[in-house]
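Good morning, colleagues. I should like to take a few minutes to go through one structure with you. Please look at the sequence and the model as they come up.

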Amino acid sequence: MKQKVIAYGRVREKAQEQLREKYDLHVFSGEEDLNDKAFTEALAEADGIIGLGMQVDADFLAHAPKLKGISNVSVGYDNLDLEELTKRGIAATNTPGVLNDTTADAIFGLLLATARRIPELDRYVKVGNWKSGLSDSKFGIDVHHRKLGIIGMGRIGEAIAKRGYGGFDMEILYHNRSRKPEVEEKYEAAYRELDDLLQEADYVCLMTPLTPDTRHLMGREQFKRMKEDAIFVNGSRGETVDEDALVEALQQGEILAAGLDVFQEEPVPADHPLLQLENTVTTPHIGSATDATEDKMSLLASQNLDAVLQGRRPPNLLNEAAMRDNK
Ligand code: DGY
């Protein structure tokens, strides 16, 4: 009998086709939760899950007694309780590498759009307000030759540093759990303690993964340390930021503006205070969202899950002990 696989949320057609050749595939939209009967029935029989955004904790796993592997179609895996998964011998995987440039493009684009007020000025033109010369009240700020502070110098952080350094002659500062000598050399990047980076940077770009240590890494105190004419960009996860503190910093002019691709609650509710401000530019978590990159991520996630279900070590295993203890 074929093993059963659940595809949940953003799993591209190409990957679904690949999985269907070998597995009994059950496709769900990604809106379902444990109150959904069809979903829990499928979960009770599932050998594998592939998808984006499901919150996998002890409660969820109690509904999935046969599960051998869970394959995230994302590089971030803050939705997975790795300890619980490992305890149960369930392998967990993610999709690093294939989205670096695409995500860096999106986050750098957000930075540019925020600095030059592109969405606001787009609306200004389209509603017919451009009737004479542009008033200097509509001017933005320069990006080139300024200081870009990157918090979280992983692979995507590095791709952002590359754009800032090579394309915009920016001075790169970074903060990370460990020093990155190769990044320091390639992009003349200077390591800074977090407080120093916040004080010095013209652009603070948050790219750190969400972990218990990075939850609300940016709070009142951190925004107060930033320069009044600095821009904050979040391309990590919403929960790395205390959103109330960010609203306050933006309203009180402690920082100039913010570009946000991620929010504590996603989709962010339309009445959220961050969406009512003139000095925010927002995108709906689009980091990796291009056809080409989403295909690559789904296909990599499918290879990861296939390896687990065939008893092989998947290329992007997150919890080594789960498979080791299974052997
Ligand atoms: C990732 O891969 O983690 C991106 O943020 C999309 O979820």
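Is T95 buried or exposed? Please bear in mind that this is a predicted model. T95 has 0% relative accessibility, and because buried means under 20%, T95 counts as buried. This residue sits in the loop that runs between β5 (91–93) and α5 (100–115). Beyond its neighbours within four places in sequence, T95 is in contact with N72, V73, S74, V75, M297, L300 and A301.

I turn now to the ligand. Around the ligand we find L52, S74, V75, G76, L99, R237, H285, S288 and M297. By type, this shell divides into 4 nonpolar, 4 polar and 1 charged residue.

Which polar atoms meet the ligand? A polar backbone atom of G76 is 2.8 Å from an oxygen atom of the ligand. In the side chain of R237, an N or O atom is 2.8 Å from a ligand oxygen. For H285, a polar side-chain atom lies 2.8 Å from an oxygen atom of the ligand. Of the 230 Å² of accessible area that the ligand has on its own, the protein covers 90%.

H285 deserves a further word. It is found in the loop between β12 (280–282) and α12 (291–309). Its phi is positive, at about 50°, although H285 is not a glycine. With 27% relative accessibility, H285 counts as partly exposed.

Two further backbone features remain. R117, in the loop between α5 and α6 (118–126), also is not a glycine and has a positive phi of about 55°. Finally, the peptide bond from E266 to P267 is cis, with omega near -5°; P267 lies in the loop between β11 (257–260) and β12.

Key:
Residues are numbered from 1 along each chain as its sequence is written. This is a predicted model: local features need pLDDT of at least 70, side-chain atom pairs count only at pLDDT 80 or more; totals for chains, interfaces and linings use all residues. Side-chain values use heavy atoms; hydrogens and water are left out. A residue is near a molecule or strand if one of its heavy atoms lies within 4 Å of it. A polar contact is a pair of N or O atoms within 3.5 Å; within protein, one must be able to donate a hydrogen and the other to accept it, and residues adjacent in sequence count only if both atoms are side-chain atoms. Accessible areas come from the Shrake-Rupley method with a 1.4 Å probe; for residues, only the protein chains shown count as cover. Ala, Val, Leu, Ile, Met, Phe, Trp, Tyr, Cys and Pro count as nonpolar, Asp, Glu, Lys and Arg as charged, and the others, Gly among them, as polar. Helices (H or I, at least four residues) and strands (E, at least two) are DSSP runs, numbered from the N terminus. Buried means under 20% relative accessible area, exposed over 50%, partly exposed in between (1.4 Å probe, protein chains only). Contact means heavy atoms within 4.5 Å.
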